[in-house]
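Dear colleague,

I am handing over the structure we spoke about, and it is shown just below. After it you will find my notes on what was found.

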Amino acid sequence: MLMQELESRKLVAVCTIENLKDAIPVAEALMNGGISAIELTLRTPAGLDCIKAIRKELPDVFVGAGTVLTPDQVVAAKEAGACFAVAPGTNARVIQKANEIGLEFGPGIFTPSDIEISVENGCKMLKYFPAASCGIKHLKTIAAPYKHLGLKFLPLGGVNISNLAEMLSDPLIAAVGGSWLAKPELINAGKFDEIQALAKEAYDVLKTLK
């Protein structure tokens with residue numbers, strides 16, 4: 001399901017929200033701009049409550065938890081109603097807990113060893129992080145030996161409007177995510193119109209590729 005959902009939506013906004021009151025306005029701004037998938041990071045105390053609020057008020061948004069680093073956070077994300085969870089790295093204990101409780105999980109990978117640990121634990125939808133460090137060329141190289149396994153990737157970390165089309169055009173990529181779509185400074189300043197404009201700009205790039 002995670003792979004199919006991401007492939008159908010193609011764009012994931014990574015949001016770090018400090019105040020619960022901003023959750024719905026941010027999600028609405030993104031939706032109005034054409035983006036209906038959100039990764040809400042657990043870097044602030046409000047993260048889990050924001051997931052709950054968006055799931056309740058905007059059920060059409062595919063919202064997941066990001067920066068999930070421990071088994072306890074996996075459980076908390078599931079209880080908050082997250083549709084999925086992702087992490088910056090590959091932690092077998094975290095993946096196993098997600099499998100145990102039925103939360104779809106995308107571990108972060110950057111090496112062949114990361115890929116093998118993820119696959120061994122049943123993951124086929126993997127987060128490529130940090131994507132901008134070596135770009136799509138590095139991903140193609142490390143993913144080549146595993147092509148027969150049907151893996152797909154979600155690049156995050158340094159993705160922006162300038163490299164979005166290149167990322168989305170590669171068949172390895174299920175979807176692309178980034179924090180440039182809803183920067184914390186825009187969220188904190190209540191500049192939801194600017195967030196909507198950034199979302200629309202990205203969505204317009206996506207439309208040119210279809």
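**Aromatic pairs and their surroundings**

F84 counts as buried, because its relative accessibility is 1%, and the cut-off for that term is under 20%. Please keep in mind throughout that this is a predicted model.

The structure holds two aromatic pairs. In one of them F84 is partnered with F62, and the two rings are stacked, with 5.0 Å from centre to centre and 20° between the planes. Since F62 belongs to strand 3 while F84 sits in the loop between helix 4 and strand 4 (85-86), this pair ties together parts that are 22 residues apart in sequence. F62 is buried as well, with a relative accessible area of 3%.

The other pair is formed by F110 and Y128, whose ring centres are 5.9 Å apart and whose planes meet at 10°, so that this pair is also stacked. F110 is placed in the loop between strand 6 (108-109) and helix 6, and Y128 in strand 7 (residues 125-128), so here the parts tied together are 18 residues apart in sequence. The two partners differ in their exposure: F110 is partly exposed, with a relative accessible area of 22%, whereas Y128 is buried, at 0%. A further ring, that of F129, has K127 lying over its face, at 5.0 Å from the ring centre.

**Helix 3 and what covers it**

Helix 3 covers residues 47-57, and its buried residues are G47, C50, I51, A53 and I54. Viewed down the helix axis, these buried residues fall within an arc of 165°, and they therefore line one face of helix 3. The cover over them includes helix 2 (23-33) and strand 2 (37-41), together with strand 3 (62-66) and helix 4 (71-80).

**Two serines**

Where are S36 and S118 placed, and what does each of them touch? S36 is found in the loop between helix 2 and strand 2. Leaving aside residues up to four places away in sequence, S36 touches R9, D60, V61 and F62, the last of which is the F62 that stacks with F84.

S118 lies in helix 6 (residues 112-120) and counts as buried, because its relative accessibility is 0%. With residues up to four places away in sequence again left out, S118 touches T90, I95, P107, I109, C123 and L126. The two serines are 82 residues apart along the chain, and their C-alpha atoms are separated by 26 Å.

**The chain as a whole**

The protein chain has ten helices and nine strands, and its C-alpha trace spans about 45 × 40 × 25 Å along the principal axes. For 210 residues a compact globule would have a radius of gyration near 17 Å, and the 16 Å of the protein chain agrees with that. Buried residues make up 50% of the 210 residues. If one takes the contacts between residues at least 6 apart in sequence, 61% of them join residues at least 24 apart. The accessible surface of the protein chain comes to about 9,300 Å², and carbon and sulfur atoms account for 53% of that surface.

With best regards

How values were computed: Residues numbered from 1 in each chain as written. Predicted model: local features only at pLDDT ≥ 70, side-chain atom pairs only at ≥ 80, totals over all residues. Heavy atoms only, no water. Helix = DSSP H or I, 4+ residues; strand = E, 2+ residues; numbered from the N terminus. Buried < 20%, exposed > 50% of the residue type's maximum accessible area, 1.4 Å probe, protein only. Contact = heavy atoms within 4.5 Å. Arc of directions from axis to C-beta. Phe/Tyr/Trp six-rings, centres within 6.5 Å; stacked < 30°, edge-to-face > 60°. Lys NZ or Arg CZ within 6 Å of the ring centre and 35° of its normal. Rg over C-alpha atoms; globule rule 2.2 N^0.38 Å. Areas by Shrake-Rupley, 256 points an atom, 1.4 Å probe, with all protein chains shown as cover.
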